[in-house]
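Q: I have just opened this one and would like a slow walk through it. Could you take me through some local features, and then the spaces inside?

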Amino acid sequence: MNNYIFLTNYYLPTPGATGMCVHQLAKELAKKNNVFTVCYEDGDNTKVIDNVKILKIKIPSYLKNNGTQNEAFRQIHHVESLIRKLVHIKDYPLRSNGLVNQYLRAVNQIVKDCDKVTIIASFTPLEAVVAAYKMKKRCPEKVKIVYYSTDTLSNEQGDDGILSASYRTKCGVHWEKKLFAAYDKILIMECHKDHYFNSEYESFRKKMEIVNFPLFTKMDHLKTEVQPPNVVSFTYAGTFYRVLRNPQFMCDCLLAISKKKNIKVDILGGGDCNDILEQTADESNGAIQFHGMQPHDVAMKYLNSADVLLSIGNAESPMAPSKIFEYMSTGKPIIHTYTYDKDPCIEPLKKYGNALLIHEKDKDAVDKIINFITDYRIIEFKKVENIFIMSTPGYTTTIIENLANNEQ
């Protein structure tokens, strides 16, 4: 039996996107191994989920989720985040040495009782990846480390109001080269393959493996009616950001559709757009409901019972939202709106073959959506799984296990 430690940010029951990916891998490995996850404290004291042992660590206040999300809170949160960047500007995007030490202390509790251990550190956050790097330096014969890159440090787009994209990219390249040199295995998401498979990272190519978001798992109790009911139900589950993933266009479309068709829309998620979503719900006469951030098991119930799933692409980002792969595992019709012509969700959704892609400049969007939901279908899980085999948890965990067993 091998020992594995995952380092991530927000985890179950209310995980972030990275935390959900991590849990699918941890759960798969925990079927036959001893598995721990070190993650942020969130007020939940659950010690074990799906045989994965959980350790919670304290986090800086600027990283904490807050349910109020009013304008005053957003401003305070923004200012604190900027101060962190300025204080640690030479080490950007690392912003908390204290957080690194929190991870280290938690990991050390586990490592000291193990003969061998493999640590899988996800970026985000960078602090987790740095902590694994430091543990490897402390115990080089005992510890192997895997860099799990659900995002990229070195492919920044636009500016963040204080640091330019070029500066952030420069810092990201510096960190990646330092960390990649020490890591035993580097797992790169497929949407970042072109970026990392260039001359800048040639010396690390043999350590790299291309994987995908491991969210293709067959869901229990999945609604599979193929004939649309009298009321078509929609679900969106994910996070909203005013700049990166703004829901205004989707909300306008849904309001227009609600005047022409009997629909029921459930929107679940956090972020900084609660005002837009609450106003939309108020104007919909009950057709649209905004439920805010919900535990993952609650979100899955909505996803399972929906007829159609809603997705919003990131603005000018090479990063594919991980939830799109979870969506596709249902086989259900997906409506995806986007603004970025190179949106990384476009090609996977075309392969999927059961999605409507709508550019937010499309003046016929409402009519196209109505036509799409008039005669929808559901694709069998096995058919979709065969297309996206790299997105199954077992694909990635096999790579990790091979490393732990000295087979790579």
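**A walk through the model**

A: Asn285 is exposed, because its relative accessible area is 77%, where exposed means over 50%, buried under 20% and partly exposed in between, with a 1.4 Å probe and protein chains only. Before we go on, this is a predicted model, in which local features need pLDDT of at least 70 and side-chain atom pairs count only at pLDDT 80 or more, while totals for chains, interfaces and linings use all residues. Residues are numbered from 1 along each chain as its sequence is written, and side-chain values use heavy atoms, with hydrogens and water left out.

Q: OK, and where is Asn285 found?

A: Asn285 sits in the loop between helix 8 (274–283) and strand 11 (288–292); helices (H or I, at least four residues) and strands (E, at least two) are DSSP runs, numbered from the N terminus. The phi of Asn285 is near 55°, which is a positive value in a residue other than glycine.

Q: What about Asn51, what is its phi?

A: Asn51 is not a glycine, and yet its phi is positive, at about 70°. Asn51 belongs to the loop between strand 3 (48–49) and strand 4 (52–57), and it counts as exposed because its relative accessibility is 55%.

Q: Switching topic, which residues does a cis peptide bond join?

A: One such bond joins Tyr92 and Pro93, with omega about 5°, and Pro93 lies in the loop between helix 2 and helix 3 (97–111). The peptide bond from Thr124 to Pro125 is also cis, with omega near 0°, and Pro125 is in the loop between strand 5 (117–123) and helix 4 (126–138).

Q: Back to helix 2, then: is Val87 buried or exposed?

A: Val87, which is in helix 2 (residues 71–87), counts as exposed because its relative accessibility is 61%. Together with Val79 and Ile83, Val87 forms a nonpolar patch on the surface, and the three have about 280 Å² of accessible area together. Patches are made of residues with over 30% relative accessible area and no salt bridge, with like charges joined within 9 Å and nonpolar side chains (Val, Leu, Ile, Met, Phe, Trp, Tyr) within 5 Å; a salt bridge is a side-chain nitrogen of Lys or Arg within 4 Å of a carboxyl oxygen of Asp or Glu.

Q: And inside, how many cavities of 30 Å³ or more are there?

A: The search of the whole structure finds 1 cavity of 30 Å³ or more, and the largest cavity has a volume of about 60 Å³. On a 1 Å grid over the protein atoms alone, a cavity is a set of points where a 1.4 Å probe fits but cannot get out, a pocket is an open set with protein on both sides within 12 Å along at least five of seven lines, and lining residues have an atom within 4 Å of a point.

Q: Which helix gives the most to the lining of the largest cavity?

A: That is helix 7, with 3 residues. The lining of the largest cavity includes Phe234, Met250, Cys253 and Ser311, and its residues divide into 7 nonpolar, 2 polar and no charged.

Q: How much space lies in the second largest pocket?

A: The second largest pocket holds about 620 Å³ of space. Of the 27 residues that line this pocket, the closest to its centre are Glu190, Cys191, Pro344, Glu347 and Pro348, and helix 11 gives the most to the lining, with 4 residues.

Conventions
Areas by Shrake-Rupley, 256 points an atom, 1.4 Å probe, with all protein chains shown as cover. Points joined across faces, edges and corners; volume = space filled by probe spheres on them. Nonpolar A, V, L, I, M, F, W, Y, C, P; charged D, E, K, R; others polar.
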